[in-house]
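Student: I would like to go through this structure with you, one question at a time. Could we begin once the sequence and the model are on screen?

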Amino acid sequence: MSPPSAPLTPGLASFLKSLKTNPIDTSIDNLISLLKRRQIRHSRSCATATAYLLRSVVSACRTSDASKLIERVQSVGKRLIAAQPREMVVGNIVRRVLGLIRDEAEDDRDGEFNLSEAGSESQPQTPRASDDPSDSLYGRHDGSALKPLSSLAAHPISMFSLLSHPEPEHSLPGTPGSASPSGRSPGHTQNNDIRAEVLDGINEIIDELGQVDDQISAYALDHIHSNEIILTHTSSTTVQKFLLKAAAKRKFTVIHAESYPNNHEATHATVSGTATNDDELLSTESFQKPLIAHGITVILIPDSAVFALMSRVNKVILGTHSVLANGGLVAAAGTRVIARAAKVHQTPVVVVSGVYKLSPVYPFDFDSLIEYGDSSKVIGFEDGDLVEQIDVQNPLYDYVPAELVDLYITNLGGHAPSYLYRIVSDHYRKEDISF
Amino acid sequence: MATADPRLSKATEPFDIVATYNDLLRSDPDLTMPIAAIEALVLLLTHSPSSTISETLDLLEKSTTHLKKSIPNPIGLSAGTDLFQRYLITTLQRPGQLGPAGDFNAIRAHLLSNSRLFIRRAKESRDKIATFGRGFVRDGSTVLTNGGSRVVASLLQRAADEKGGPSAVRFNVIYVLSPPKRNVENTTAEPEGLETVRALRAKGVPVATIPESAVAYSLGKADVVIVGAEGVVENGGIVSRMGTYQIGLLAKAMGKPFYVVAESHKFVRVYPLGQYDLPIEQHVIDFKTQEDVDTAKQQQPANASSTPLNDSEFHPDAVDFTPPHLISALITDSGVLTPSAVSEELIKIWF
């Protein structure tokens, strides 16, 4: 299914280019195969590709009905997630888009509701005189009496749901009263706006993906102080930008663990400033000067030396692959060792991550989150004899439990791990968590 | 309203909220304390002719205080009475039909006519929790649990059921049984939780029962600890039957996840700072010399022969407090929460 216009190396850039020319179904298949073959692999690349794809899906979906739009996005989302279930950002972006559509649809319905309420207000409220309680309740069932209770029940979580009125959603579709014919027609014109507003929302998500590292780095000076020794791991762009921001004002030392065997080449390149922009996104950003050009001492160490050096380290700053709702995170292999060593030495561990990496998934089964990679990076196939004798595994990720992390810095600010559930509930709708 | 009718007939007698509460708890073994308290308050409103807001609130206030005083451990029930009172006040304050200018009778009618619904919802919330919690019981895992919590029982049974998901989970259960409630009239009582054990075994789940003293020994074989709670307090800790705290400590020490299953109507506005800061009287630690024992024996010579175990040495209804740092997550009907989320839920209804 590779498009004819695709350049030689398929990836994010070629996908985004082909998205403009290809029909939408080809693009969906294209992204699915890219995800399956791991030709798109960094969190942000996946998120960007998903956001752009969903933008095309929404704009190509010629329906004015919000529920059909939701259905369409859900079906595309399901296929994308099935293609690479461990790439949680894909699901996150799909959920946020679904949330956007629901928000817009609800705004719409609220408008309708106000109309119907205004209509029924003019009716005299006769049921009040009735003595039988159930009678008076049912008399109000279609009227405005339900409004305060139903809005209460619409709260995502509330302890009052136990005592609230039965079936609040009854009042939403069931407003066939006086106002509904007049309420319908503006509803339809607004429905066309839904799509435009959802597209605006998706554009905002795309913008957010572009700005997230800069937003996070704005907090750098609060966390990195003069003459501190910072330990970091992998060639995470977010971490590098964070450090660079602080390097503009302060002098400190960075100890960089090389994260062999999956990321060491990129890490070496980052440290020495010879990054060749293998990550497609980097090419568009002005990320040329390495830390050493700012006069920062960078010490490259093998992963095995982390524990030995930890006693001198003032702060550990880590990038991540995805963050989970319980405050734990999935990050490049080796991260847990670093976090554990930091715990032993009581060194603070700070994780920098965009909110888009925050997933509502609860890690029931840690093992299923870990992806295994190319074992030839551990032992090359030239050692053929050895490969036959032993079982070589190369896990790409580590699960780091919440208690090993002291602080998360996202584009919204710093949060304790125990507070992340709140950000999850702010960003994702409850009904979308498992769709 | 079937249960309410006989009581309505003898409306001439003054309404006894404590007796009603106890009756309700006894009549339905599936009823939790907060829900029984809400029910009792609803019945109270049925009996009182009060038609003004302040009169009703005053009545509720008085009866609640009376009820709390008469029950040895009012933590669970105060969750229910608080929720009821806050619901009434919040609904009255909100602008709208039922608001200040609105019709107080409408709220009253809603509460009186829907008491069955509240009970049904409370029971349904267990199903909801079972759905959320199903993911915590993995294939091939071993779950350690204790007590007679109905929510835990329904969660484990749901996991063992074919209906709960694509297929039944194959898991083992280690059930911590505490000695039965033995009192004078009932000497053959069986330990709490044995019923759940039987139900699980009937579903083909292998269950091992161990005494409380074997928790540390057995925990190495368990993958996860799931317990119920009588009340979830403001800081995210739980008040639960005696013995839960030590399981929590041991689970923490062994690095096993410790999950609490509780309905959100059990959240209660209490902030205990430690074991001895609970707003209840329980004489678990009772220092005595031989002299004290002798005087106690002399005072009640009739009872002395009945059991060698002194009453004060055994507390069937005692509770302890498990602090939030021992709890991995709370599985509630509003989702899987971290302990710190509890205070937010409570703040939402109080302020």
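Tutor: Happy to! Two residues are in contact if their C-beta atoms, placed from the backbone, lie within 7 Å. Please keep in mind that this is a predicted model.

Student: Among the contacts in chain B with a separation of 6 or more, what share comes from residues 24 or more positions apart?

Tutor: Chain B is built with 14 helices and 10 strands. Of its 351 residues, 39% count as buried. For contacts in chain B with a separation of 6 or more, the share from residues 24 or more positions apart is 77%.

Student: And in chain A, what share of the contacts with a separation of 6 or more comes from residues 24 or more positions apart?

Tutor: Chain A has 15 helices and 10 strands. Buried residues make up 40% of its 435 residues. In chain A, the share you ask about is 75%.

Student: Which helix gives the most residues to the largest nonpolar core?

Tutor: That core holds 176 residues. The members touching the most others are A:Leu54, A:Val73, A:Ile93, B:Val225, B:Tyr259, B:Val260 and B:Val261. The helix that gives the most to this core, with 11 residues, is helix H3 (residues 33–47) of chain B.

Student: Let me stay with A:Leu54. Which residues is A:Leu54 in contact with, leaving aside its neighbours within four places in sequence?

Tutor: A:Leu54 is among the core members that touch the most others. With neighbours within four places in sequence left aside, its partners are A:Val73, A:Val76, A:Ile93, A:Val94, A:Val97 and A:Ile202.

Student: How do the residues of the contact of H3(A) with H4(A) divide into nonpolar, polar and charged?

Tutor: Helix H3 (residues 43–60) of chain A packs with helix H4 (residues 66–83) of chain A at an angle of about 145°, their axes 10 Å apart, and H3(A) passes H4(A) in a right-handed crossing. H3(A) makes the contact through A:Thr50, A:Leu54, A:Val57 and A:Val58, while H4(A) brings A:Leu69, A:Arg72, A:Val73, A:Val76 and A:Leu80. The division is 7 nonpolar, 1 polar and 1 charged.

Student: Now chain B. How are H8(B) and H9(B) oriented to each other?

Tutor: The axes of helix H8 (residues 150–160) of chain B and helix H9 (residues 194–202) of chain B come within 10 Å and cross at roughly 5°. Angles under 35 degrees count as roughly parallel. So H8(B) and H9(B) are, relative to each other, roughly parallel.

Student: Which residues make that contact of H8(B) with H9(B)?

Tutor: By class, the residues divide into 5 nonpolar, 2 polar and no charged. From H8(B) come B:Ala153, B:Leu156, B:Gln157 and B:Ala160, and from H9(B) come B:Thr196, B:Ala199 and B:Leu200.

Student: How is H7(B) oriented to H8(B)?

Tutor: Helix H7 (residues 115–133) of chain B and H8(B) have axes that come within 9 Å and cross at roughly 50°. That angle therefore makes H7(B), relative to H8(B), oblique.

Student: How do the residues of the contact of H7(B) with H8(B) divide?

Tutor: The crossing of these two helices, H7(B) and H8(B), is right-handed. H7(B) offers B:Arg126, B:Asp127, B:Ile129, B:Ala130 and B:Gly133, which meet B:Arg150, B:Val151, B:Ser154, B:Leu155 and B:Arg158 in H8(B). They divide into 4 nonpolar, 2 polar and 4 charged.

Student: Back to chain A and its backbone. Is A:Thr234 buried or exposed?

Tutor: A:Thr234 has a positive phi of about 60° although it is not a glycine. It is found in the loop between strand S1 (229–233) and helix H10 (237–247) of chain A. A residue is buried if 20 or more other C-beta atoms lie within 10 Å of its own. A:Thr234 has 26 such atoms, so it counts as buried.

Student: Is A:Gln346 buried or exposed?

Tutor: A:Gln346 is a residue other than glycine with a positive phi, near 55°. Its place is the loop between helix H13 (335–344) and strand S7 (349–352) of chain A. Because A:Gln346 has 8 C-beta neighbours inside 10 Å, it counts as exposed.

Student: Where is A:Pro261 found?

Tutor: The peptide bond from A:Tyr260 to A:Pro261 is cis, with omega near 5°. A:Pro261 lies in the loop between strand S2 (253–257) and helix H11 (264–272) of chain A.

Terms used
Residues are numbered from 1 along each chain as its sequence is written. Chains are lettered from A and ligands numbered from 1 in the order in which they are written. This is a predicted model: local features need pLDDT of at least 70, side-chain atom pairs count only at pLDDT 80 or more; totals for chains, interfaces and linings use all residues. Axes are lines fitted to C-alpha atoms, for helices over the stretch in contact, and angles run from 0 to 180 degrees between N-to-C directions. Helices (H or I, at least four residues) and strands (E, at least two) are DSSP runs, numbered from the N terminus. A crossing is left-handed if the near helix is turned anticlockwise from the far one by less than a right angle, and right-handed if clockwise. Ala, Val, Leu, Ile, Met, Phe, Trp, Tyr, Cys and Pro count as nonpolar, Asp, Glu, Lys and Arg as charged, and the others, Gly among them, as polar. A nonpolar core is a set of buried Ala, Val, Leu, Ile, Met, Phe, Trp, Tyr and Cys residues joined through C-beta atoms within 7 Å. A residue is buried if 20 or more other C-beta atoms lie within 10 Å of its own, exposed if 12 or fewer, and partly exposed in between; C-beta atoms are placed from the backbone. Angles under 35 degrees count as roughly parallel, over 145 as roughly antiparallel, 65 to 115 as roughly perpendicular and the rest as oblique.
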